[in-house]
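Student: I have a structure open and some terms to sort out. Can we go through them one by one?

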There are 2 protein chains.
Amino acid sequence: MLETQDKTAEAVSETIMSNSYAAQNASSGLAPFSFERKAPGPHDVQIEIKYCGVCHTDIHFVRNDWGMSIYPLVPGHEIVGVVTNVGTHVKKYKEGDLVGVGCLVDSCRVCDNCNEGLQQYCLNGMVLTYSVIAKDGKTVTMGGYSNNIVVDQDFVLKVSDKLPLHAVAPLLCAGITTYSPLRKWKIGKGHKIGIVGLGGLGHMAVKFAVSFGAEVTVLSTSPAKKEDAIRLGAHKFVVTKDEEQVQKVAGSFDFVIDTISSAHDYNLYINMLKTDGTIICLGAPPEPAQVAMFGLLFQRRMVAGSLIGGIPETQEMLDYCAEHNITSDVEVIDMKDINGAYQRMEKSDVKYRFVIDMATL
Amino acid sequence: MLETQDKTAEAVSETIMSNSYAAQNASSGLAPFSFERKAPGPHDVQIEIKYCGVCHTDIHFVRNDWGMSIYPLVPGHEIVGVVTNVGTHVKKYKEGDLVGVGCLVDSCRVCDNCNEGLQQYCLNGMVLTYSVIAKDGKTVTMGGYSNNIVVDQDFVLKVSDKLPLHAVAPLLCAGITTYSPLRKWKIGKGHKIGIVGLGGLGHMAVKFAVSFGAEVTVLSTSPAKKEDAIRLGAHKFVVTKDEEQVQKVAGSFDFVIDTISSAHDYNLYINMLKTDGTIICLGAPPEPAQVAMFGLLFQRRMVAGSLIGGIPETQEMLDYCAEHNITSDVEVIDMKDINGAYQRMEKSDVKYRFVIDMATL
């Protein structure tokens with residue numbers, strides 16, 4: 001695969017060298033790896049990566065949990081850095097600009113969804129930032145656990161210098177994934193919302209929902225998270241293992257934002273919704289959700305899914321964060337510590353996002 | 001239970017005799033049964049029942065499938081008849097009026113949902129037309145497989161004399177159950193909708209959706225239903241066992257109305273929805289629905305439930321039907337044939353609703 005790729009790259013354009021951490025197969029873990037990327041074409045931006053956030057999706061891909069991984073695999077889709085080179089037709093960016101790249105690096109650009117800026121729902125298939133075949137039909141995308149990346153200008157985001165760059169990185173996935181449904185469902189003043197799970201996504205959902213004026217209750221199995229939930233801005237906290245506390249919030253929320261991506265009981269949260277309430281699910285457990293239909297029918301409730309956000313909305317989110325001083329709570333790590341970080345993430349031992357300092361690569 | 005009930009009735013008010021078909025336990029089937037109802041109070045309307053539709057819910061209750069049946073049990077909640085007596089405070093109805101009674105005969109009348117006319121979602125518990133304890137805390141409600149019924153005027157509907165009365169009966173449940181979600185989600189011109197299942201509910205969903213201007217596709221496992229679907233007004237028909245036909249409608253519907261109340265594959269229909277599409281479920285299988293979250297996340301789709309309709313909307317639906325000449329397709333049966341009718345319903349051998357002629361009781 002790689003050999004073919006390299007030959008082709010030599011044939012059609014120059015390449016640039018990338019240093020990275022990659023998985024060689026589903027059980028290898030991550031280790032140093034060098035490869036060649038296509039040099040920037042006329043519409044591309046070359047970025048020196050400064051920080052890259054570590055998302056649960058990275059773990060799923062490294063371990064091939066979803067059966068779609070392509071190896072060698074360089075994860076990472078919460079990328080911030082500095083422009084070092086631009087193609088001849090690039091008008092939006094210049095050398096030295098602070099920029100970001102999220103989960104998407106391309107889409108068909110002609111379907112109804114792309115035309116509406118909903119590239120994440122591209123009807124002809126979006127191109128993820130890593131481990132998929134690009135629109136050229138041959139290049140495998142390689143992500144942000146790397147010293148550089150080359151991306152079409154239309155999928156590059158402007159990043160403000162007002163915020164600490166390392167704390168901006170997770171906005172590119174955890175941020176937009178929570179911002180987008182809150183905006184889509186117009187959640188704000190006058191709404192009571194529950195947020196399930198206080199992790200990378202959950203802590204951003206709390207910050208945004210509070211900023212938008214909603215009354216926010218964090219729903220968690222772990223009483224230990226209460227103090228932090230309140231510190232992050234949540235108004236209330238419910239321990240979901242406590243039957244009495246659960247009963248008290250039955251039928252009380254306009255919306256529940258469910259950030260859990262492992263198997264869990266959806267009906268517990270559905271029953272916390274008011275009439276016409278909606279639970280918005282952001283995680284995709286490997287097994288189907290078990291939804292008791294009576295819980296939906298008897299109060300005309302809804303279960304919805306939402307996936308990251310489109311490019312214009314991601315830019316809107318980044319601008320909103322710069323204006324309102326919102327960033328992710330992060331723990332910066334060295335590149336060499338990534339395998340240990342994955343282990344800690346599996347025990348939910350991170351507040352709330354690991355971010356790799358690429359200077360340590 | 002009954003003995004207590006009779007004594008109480010004697011103590012506080014007069015009673016009227018009712019002849020009916022009732023189930024004595026979960027395996028008895030239905031047989032003749034006489035009992036006393038409370039005579040109409042000041043706000044009540046006494047109705048001589050002319051026809052009563054036969055709903056799948058009746059079978060579930062007779063057999064105690066949902067574990068909530070109270071015996072002796074007189075089913076029936078698709079009731080049409082003539083007013084024979086009214087209480088002193090009844091202003092809305094007079095002797096001789098054609099009226100209907102649906103799934104509800106009472107609710108708290110003070111909660112937010114009751115105030116909005118959404119009595120079916122009463123936050124203090126609606127009172128079903130049969131097999132539940134009434135708001136007095138002791139009377140067990142008895143349904144429409146009966147020669148008469150006494151209902152508060154606020155839960156009685158006006159029925160037009162423009163339509164054949166026997167074909168109006170199923171509108172009180174099958175009609176409003178499909179009309180309500182179509183109105184709630186404003187389904188009409190410009191929408192492509194799929195309707196799953198062509199039974200009592202499904203055939204009404206087709207009639208209403210076509211009448212509201214939507215492009216309607218019936219989705220059925222049975223190719224034999226195509227001709228009838230088209231006769232009822234559907235524009236297209238998809239055999240859901242045919243992989244090729246299923247592929248053709250992937251991502252094509254704004255809404256799917258799912259009328260199936262037995263276990264089935266929801267994901268098949270979820271994948272037929274466009275971006276932001278909604279599958280509205282009207283049936284509640286005993287087992288939880290298995291919903292693959294990827295199907296919701298990747299196109300921001302929704303799963304919703306909807307339950308019958310409130311009293312004002314039920315009246316609106318009956319008026320709409322009178323104006324647009326919409327009724328249910330029915331097979332009128334004698335009361336004594338009810339057990340056989342249940343057997344035929346379980347084989348989907350009815351087009352599309354049995355209606356009992358109460359003159360045969």
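Tutor: Start with a term. A salt bridge is a side-chain nitrogen of Lys or Arg within 4 Å of a carboxyl oxygen of Asp or Glu. Keep in mind that this is a predicted model.

Student: What makes B:Lys184 and A:Asp276 a salt bridge?

Tutor: Their side chains come to 3.8 Å, N to O. The cut-off is 4 Å, so the pair qualifies. Side chains of opposite charge can pair when their charged atoms come close.

Student: How many salt bridges does the rule find across the interface of chain A and chain B?

Tutor: Two. Over all chains, a search of the whole structure finds 44.

Student: What makes A:Arg353 and A:Glu78 a salt bridge?

Tutor: The N to O distance is 2.7 Å. That falls within 4 Å, so the rule is met. This pair links distant parts of the chain, 275 residues apart. A:Arg353 sits in strand S18 of chain A, and A:Glu78 in the loop between helix H2 and strand S4.

Student: Back to the interface. How many residues does each chain bring to the contact?

Tutor: Chain A gives 38 residues and chain B gives 38. Together the chains bury about 3,200 Å², with 67% of it on carbon and sulfur atoms. Three residues, A:Met293, A:Leu297 and A:Arg300, supply 23% of the area that chain A buries against chain B. No other three residues supply more.

Student: Which polar contacts are counted between chain A and chain B?

Tutor: The count is eight residue pairs, both residues at pLDDT 80 or more. On the side of chain A that touches chain B, 25 residues are nonpolar, nine polar and four charged. Elements giving two or more residues to that side include helix H5, strand S14 and helix H10 of chain A.

Student: How do you know that S16(A) and strand S16 of chain B pair?

Tutor: Pairing needs at least two bridges. Three bridges join these strands, so they pair. They run antiparallel. One of the partners of S16(B) is B:Ala304, bridged to A:Met302.

Student: Why is the relation of the two chains called a two-fold axis?

Tutor: Two copies of a chain are related by a rotation about an axis and a shift along it. Here a rotation of 180° superposes chain A on chain B, with 0.0 Å of shift along the axis and an RMSD of 0.0 Å. That is the relation of a two-fold axis. The same surface serves both copies, as 100% of the contact residues of chain A recur in chain B.

Definitions and conventions:
Residues numbered from 1 in each chain as written. Chains lettered and ligands numbered in written order. Predicted model: local features only at pLDDT ≥ 70, side-chain atom pairs only at ≥ 80, totals over all residues. Heavy atoms only, no water. Contact = heavy atoms within 4.5 Å. Buried area = accessible area lost by both parts, 1.4 Å probe. Polar contact = N/O pair within 3.5 Å; in protein donor to acceptor, adjacent residues only side chain to side chain. Helix = DSSP H or I, 4+ residues; strand = E, 2+ residues; numbered from the N terminus. Nonpolar A, V, L, I, M, F, W, Y, C, P; charged D, E, K, R; others polar. Least-squares fit on C-alpha atoms with pLDDT ≥ 70 in both.
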